[in-house]
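Subject: Handover of a structure for your review

Dear colleague,

Please find below the structure that I am handing over to you. My findings follow directly after it.

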Amino acid sequence: MQDALLNWYRSKHPNYVGTNSASKTSLAELRRLDREILIPIANQFSRPVISYGFTSHALLLWLLKNRPGDMAPSLDQHASMEYNSKGNRICKRDGAACDFYIEDQTGQMDKVAKYIIGHLPFDRLYYYGRNKLFMSVSEQKMLVTSNVEQPNMMVLALLGASPMENVH
């Protein structure tokens, strides 16, 4: 699934002809995302389809020029551990992230979100309604998730207890 994290843009942005190469530290975080989140989800449901994955500096520049929109590169962890041309980390948060959906769970991603909250080690989950999720992993101890019972309500909680205890 790591290949899907790196090559997600090929079908979504076929006009991009550059590379989307990851550093060793980013690859390690992408492997963690795959191992701790995506593989268990595939085992429980079916293979997740990556709709937005790893974004190198080169791809980010192209996206900002050609497809600006709902992006927050300094926050969203899609750039993982990468640096910009000035030598600064693109995203201040450690880890890696992706947006995904599961074809046979269309309209039911709330079930997937509930499974993740109850069983998987993550730091952020953004619930985009019943069709798509954003997931990230890192060493940070913060959980941000839309409440799957009330999608418009945001919950911010520290991970200390079981993640399920933090969801209201």
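I begin with one residue and its surroundings. Setting aside neighbours within four places in sequence, aspartate 99 is in contact with Val49, Ile50, Ser51, Tyr52, His78, Tyr128, Lys132, Leu133 and Phe134. This aspartate belongs to strand β2, which spans residues 96–101. Its relative accessibility is 7%, under the 20% limit, and therefore aspartate 99 counts as buried.

Please note that this is a predicted model. The mean pLDDT of the protein chain is 83, with 83% of the residues at 70 or more. Among the elements, helix α3 (residues 24–44) has the highest mean pLDDT, 97, whereas strand β6 (residues 154–158) has the lowest, 34. The pLDDT is below 50 over residues 147–168, a stretch that nevertheless has 42 contacts in the model beyond near neighbours in sequence.

Turning to the nonpolar interior, the largest nonpolar core comprises 37 residues. Within this core, the residues with the most contacts are Ile37, Leu38, Phe100, Ile116, Leu125 and Leu133. Two or more core residues are given by each of α1 (2–7), α3, β1, α4, β2, α5 (109–119), β3 (124–127) and β4 (133–137). Helix α5 provides the largest share, 6 residues. In soluble globular proteins, nonpolar side chains tend to be buried together.

Leucine 133 appears both in this core and among the contacts of aspartate 99. Apart from neighbours within four places in sequence, leucine 133 is in contact with Cys98, Asp99, Phe100, Met109, Val112, Ala113, Ile116, Leu125, Tyr126, Tyr127 and Tyr128.

Helix α4 (residues 57–66) has Leu59, Leu60 and Leu63 as buried residues. These leucines lie on the same side of α4, because the arc they cover around the axis is only 100°. The buried residues of this helix pack against α2 (9–12) and β1 (49–52).

Finally, which accessibility class applies to aspartate 3, buried or exposed? This residue is found in helix α1. With a relative accessibility of 54%, over the 50% limit, aspartate 3 therefore counts as exposed. The C-alpha atoms of aspartate 3 and leucine 30 are separated by 9.8 Å, while the two residues are 27 residues apart along the chain.

Yours sincerely,

A colleague

Definitions and conventions:
Residues are numbered from 1 along each chain as its sequence is written. This is a predicted model: local features need pLDDT of at least 70, side-chain atom pairs count only at pLDDT 80 or more; totals for chains, interfaces and linings use all residues. Side-chain values use heavy atoms; hydrogens and water are left out. pLDDT is the predictor's confidence in each residue, from 0 to 100. Helices (H or I, at least four residues) and strands (E, at least two) are DSSP runs, numbered from the N terminus. Contact means heavy atoms within 4.5 Å. Buried means under 20% relative accessible area, exposed over 50%, partly exposed in between (1.4 Å probe, protein chains only). The arc is that of the directions from the helix axis to the C-beta atoms. A nonpolar core is a set of buried Ala, Val, Leu, Ile, Met, Phe, Trp, Tyr and Cys residues joined through side-chain atoms within 4.5 Å.
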